[in-house]
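Reader: I'd like to go through this model with you and ask how some of its labels are earned. Could you show it to me?

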Amino acid sequence: MDGIRVDRWLWTTRFYKTRSLATDACKRKLIGIKNIPLKPSKEIKVGDLSPTRDFNYVEDTCRAFIEIAKTPDSMGETINIGSNYEISILDTLTKIKKIMNSDAEFLIDDERVRPDKSEVERLWCDNSKLKNLTGFEPRIGIDEGLERTINWFVDEKNLKKYKYEIYNV
């Protein structure tokens, strides 16, 4: 299976002015993760792509907490914060590929597939109680949230803070 071309990503995110400069940087082992040089093309290993999730952008989550805190009727209540929008992991990755103008392909890695009966197949928030109590509705949809997140990650000063060496299962 094909993998994402690191040189193309470096070029499209404007780390290098041309793709040939990005390819050259990879060949000269200037690009790496954990001191391991990356080749111009790299596979992206993934687990099961069928589970669904309800992603909520961090600004919306914070706004929801503030609205709950300002609403006396919310005291002592269990209130779900979410977008009420369900999307599969595959569809999420497809959106990311489109935003990044990537030709990446994903390789299912058995080591990244969760053991039987340990995967939550569906996480979808019913935020109707939140909406009824506070009038809150998310403002940032999945596409805008992914764009903002990608833009954060391609900013060099943010990458210096990011702990890429930690893989959470």
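Author: Gladly; what follows is a short set of questions and answers about a predicted model.

Reader: What does the secondary structure of the protein chain come to?

Author: The chain has seven helices and eight strands. Of its 169 residues, 30% count as buried. Its accessible surface is about 11,900 Å², and carbon and sulfur atoms account for 52% of that.

Reader: Why is C125 called buried?

Author: Buried means under 20% relative accessible area. C125 has 12%, so the residue counts as buried.

Reader: And why does C62 count as partly exposed?

Author: The relative accessibility of C62 is 42%. Partly exposed covers what lies between the buried limit of 20% and the exposed limit of 50%, so C62 belongs there.

Reader: How many disulfides does the structure hold?

Author: Zero. A disulfide would need a pair of cysteine sulfur atoms within 2.5 Å.

Reader: Which residues make the nonpolar surface patch?

Author: W152, F153, L159 and Y162 make the patch, which comes to about 330 Å².

Reader: What makes Y162 fit for a patch, and where is its place?

Author: Y162 sits in the segment after helix 7 (156–159). A patch residue needs over 30% relative accessible area; Y162 has 38%, so this residue passes that cut-off and is partly exposed.

Reader: What share of the contacts joins residues at least 24 apart?

Author: Taking contacts between residues at least 6 apart in sequence, 76% join residues at least 24 apart.

How values were computed
Residues are numbered from 1 along each chain as its sequence is written. This is a predicted model: local features need pLDDT of at least 70, side-chain atom pairs count only at pLDDT 80 or more; totals for chains, interfaces and linings use all residues. Side-chain values use heavy atoms; hydrogens and water are left out. Helices (H or I, at least four residues) and strands (E, at least two) are DSSP runs, numbered from the N terminus. Buried means under 20% relative accessible area, exposed over 50%, partly exposed in between (1.4 Å probe, protein chains only). Contact means heavy atoms within 4.5 Å. Accessible areas come from the Shrake-Rupley method with a 1.4 Å probe; for residues, only the protein chains shown count as cover. Patches are made of residues with over 30% relative accessible area and no salt bridge: like charges are joined within 9 Å, nonpolar side chains (Val, Leu, Ile, Met, Phe, Trp, Tyr) within 5 Å. A salt bridge is a side-chain nitrogen of Lys or Arg within 4 Å of a carboxyl oxygen of Asp or Glu.
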